[in-house]
Amino acid sequence: MFRRAVTTKTVVSDRHLVALPPGVGGGEALAVLVRGLTAWHLLRSVARIRPGESVVVHAAAGGTGSLAVQLAREFGAGRIIATASSVQKRALALELGADAAIDGDAAGYRERVLGANHGRPADIVLDAIGGPVLDAALDTLGPLGRLVTYGASSRQTAAAIAPSRLAVDSITVAGFWVIPALCPYVLLPHH
């Protein structure tokens, strides 16, 4: 049995084209573009980072996390705290511009974040882990702090958050997924 190769072509306007550097394939470019746009929107559109603010980036050695560390520096973060699961990943986060890199495990999380931030609560937490780590991250936010969740790699459910806690602590919890930002008029099913 022979299979015929299928070729697909699409017509797009010049303004939607992105030049690829030599040696970079389409798949690699798409991955960087999607992760980069996600990191950009997490910091700018949702967390609304301001110069001097502290930013905690979970999974900081991953695709989106590593770009978020670099963009947070570019956007003027006062202190960037990276979390990662291994010594090697934490070393990479430091190379990318994090001021401190800590273990991201939920046990002892609050103490590690506050210690890495010189005893001060965090302004922004970008969470791709979910579950108990998200729960612990809420306890590190200061007044007007923002936690943005954009993944749940732990595959665990976070505890319910009482609206009164958000009000009393003046904190925001928001979610983000890049697809609606790229295609705002696409109707997606609600859960």
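**A short walk around the model**

Okay, let's start with Ala167, which sits in helix H6, the stretch covering residues 163–169. Keep in mind as we go that this is a predicted model. Is Ala167 buried or exposed? Its relative accessibility comes out at 56%, and the line for exposed is over 50%, so Ala167 counts as exposed. If you look for Leu144, 23 residues away along the chain, its C-alpha atom is 9.7 Å from that of Ala167.

Just past H6 you get to Ser170, in the loop between H6 and E6. Here's something to look at: Ser170 has a positive phi, about 50°, even though it isn't a glycine. For background, most residues other than glycine have a negative phi. As for the surface, Ser170 has 35% relative accessibility, so we call Ser170 partly exposed.

There's another residue like that, His118. Where does His118 sit? You'll find it in the loop that links helix H4, residues 109–116, with strand E4, residues 122–127. His118 isn't a glycine either, and its phi is positive at about 55°. With a relative accessibility of 52%, His118 counts as exposed.

Now, over to Trp177. That one is in the loop between strand E6, residues 172–175, and helix H7, residues 178–182. Its relative accessible area is 53%, so Trp177 is exposed. And which residues make a nonpolar surface patch with Trp177? They're Ile179 and Leu182, and the patch comes to about 290 Å².

Right, let's go inside, to strand E1, which is residues 54–57. Both of its faces are covered. On one side you've got Ser54 and Val56, on the other Val55 and Val57, and all of them are buried.

So who are the neighbours of E1? One is strand E2, residues 79–84, which runs parallel to E1 and is joined to it by 4 bridges. Another is E4, which also pairs with E1 in the parallel sense, over 3 bridges.

If you want one residue to hang this on, pick Val56. In E2, it stands opposite Ile81. In E4, the bridge partner of Val56 is Val125. And remember, Val56 is buried.

Last bit: how do E1 and E2 fit together with a helix? Helix H2, residues 63–74, joins them in a β-α-β unit, and that unit is right-handed. Try tracing E1, H2 and E2 on the structure yourselves.

Definitions and conventions
Residues numbered from 1 in each chain as written. Predicted model: local features only at pLDDT ≥ 70, side-chain atom pairs only at ≥ 80, totals over all residues. Heavy atoms only, no water. Helix = DSSP H or I, 4+ residues; strand = E, 2+ residues; numbered from the N terminus. Buried < 20%, exposed > 50% of the residue type's maximum accessible area, 1.4 Å probe, protein only. Patch = residues over 30% accessible without salt bridge, like charges linked within 9 Å, V, L, I, M, F, W, Y side chains within 5 Å. Areas by Shrake-Rupley, 256 points an atom, 1.4 Å probe, with all protein chains shown as cover. Salt bridge = Lys/Arg side-chain N within 4 Å of Asp/Glu carboxyl O. Pairing = 2+ DSSP bridges. Right-handed = clockwise from strand over helix to strand, strands pointing away.
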